[in-house]
Amino acid sequence: MTEFTKTPGWLDWYAGPSKPAFKLPPGAVDAHCHVFGPGAQFPYAPERKYTPCDASKDQLFALRDHLGFDKNVIVQATCHGADNSALLDALAHSNDKARGVVTVRRDVTDEQLQSMHKAGVRGVRFNFVKRLVDFTPKDELMEIAARIAPLGWHVVIYFEAVDLPELWDFFTALPTTVVVDHMGRPDVTKPVDGEEFELFIKFMREYPNVWSKVSCPERLSVSGPPALDGERNAYRDVVPFARRIVETFPDRVLWGTDWPHPNLKNHMPDDGLLVDFIPHIAPTAELQQKLLVDNPTRLYWG
Ligand SMILES: O=C(O)c1cc(C(=O)O)oc(=O)c1
């Protein structure tokens, strides 16, 4: 049995979350969440940049039911590298209520890809956030994208807003649907109609294969207030950014909790209150239906 020691200062996920006041529509999908280990059963990768607390599939499924979601999309976390065993185990025990996005290297075989497809995998994740991963050459990533495209899978990309100009040519050459994690991490202290965020809007406007997760206000917010202590109007500085994306591209947005929220530094949100962020960025029933049900169902269960 392997013992792991958490990264110093690690914040564990919030136990005993509230019941959201916002009632999720039937069939709602939490389209961005992770499983961590448990490390004793699914060891963390040697090349990881952090060691988390455990966050098991059973704990994830309990949260899903408590919050009122119907399904999950589980995204491979960088602490597991390219070993997708914990994720695949969660899919296998999900009763068809979960899909997955994996991390693979160029040595993955076609048989492995086929078998992951049968298990419910529908995408690969390419990560460009330097604090999370070592650099992977773009030709290797493009080769992987070309191999997963025939399966109907998509590519999930995680990057910081300042790096979009440099990554533009690579992203716009990808042959699949492209899903951006956490709105490409805008700096929300800059104007919502400023140069940086306009480039992201342009990316989505000019490339109809690009989708965005309007998730992670708890990571992007600077002025808060956090989703804690009954606050149902949290992270107000993030609202204009997320709402602009939802209202401009209503058919290409997804929402997820990001549970168990790796690497948060100053607080851990109450996931029930985090769900209450949704109506602030998707104010009508029609937008909520697309964001939470229609879009993820089409992309992952279509
Ligand atoms: O910002 C992060 O630290 C972060 C990390 C990971 C991961 O380690 O996979 O995933 C996320 O969605 C966000």
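P225 sits in the loop that runs between helix 7 (217-220) and helix 8 (239-248). In this predicted model, the peptide bond between G224 and P225 is cis, with omega at about -5 degrees. A cis bond is also found from W259 to P260, where omega is near 0 degrees. P260 belongs to the loop between strand 8 (253-254) and helix 9 (271-275).

**Backbone exceptions**

Most residues other than glycine have a negative phi, and most peptide bonds are trans. The two cis bonds above can be set beside two residues with positive phi. N95 is not a glycine, yet its phi is positive, at about 60 degrees. R185 likewise is a residue other than glycine, and its phi is near 45 degrees.

| Site | Backbone value | Loop |
|---|---|---|
| G224 and P225 | omega about -5 degrees | P225: between helix 7 (217-220) and helix 8 (239-248) |
| W259 to P260 | omega near 0 degrees | P260: between strand 8 (253-254) and helix 9 (271-275) |
| N95 | phi about 60 degrees | between helix 2 (85-92) and strand 3 (98-102) |
| R185 | phi near 45 degrees | between strand 6 (178-180) and helix 6 (195-206) |

The surroundings of N95 and R185 can be described through their accessibility. N95 has a relative accessible area of 66% and is therefore exposed, since the cut-off for that class is over 50%. R185 has 16% relative accessibility and counts as buried, because the cut-off is under 20%.

**Strand 3 and its neighbours**

The loop that holds N95 leads from helix 2 (85-92) to strand 3 (98-102). Five of the five residues of strand 3 are buried, so the strand is largely enclosed by the rest of the structure. A98, G100 and V102 point one way from the strand, while R99 and V101 point the other way; all are buried.

Strand 3 pairs with strand 2 (residues 71-75) in the parallel sense, over four bridges. Within this pairing, V101 of strand 3 is the bridge partner of V75. The connection from strand 2 to strand 3 passes through helix 2, giving a right-handed β-α-β crossover.

Strand 3 also pairs with strand 4 (residues 121-127), again in the parallel sense, over three bridges. Here G100 stands opposite V121 of strand 4. From strand 3 the chain goes through helix 3 (residues 110-119) to strand 4, and this β-α-β crossover is right-handed.

Strand 3 thus has parallel pairings with strand 2 and with strand 4.

Methods:
Residues are numbered from 1 along each chain as its sequence is written. This is a predicted model: local features need pLDDT of at least 70, side-chain atom pairs count only at pLDDT 80 or more; totals for chains, interfaces and linings use all residues. Side-chain values use heavy atoms; hydrogens and water are left out. Helices (H or I, at least four residues) and strands (E, at least two) are DSSP runs, numbered from the N terminus. Buried means under 20% relative accessible area, exposed over 50%, partly exposed in between (1.4 Å probe, protein chains only). Two strands pair if DSSP finds at least two bridges between them. A crossover is right-handed if, with the strands pointing away from the viewer, the path from the first strand over the helix to the second runs clockwise.
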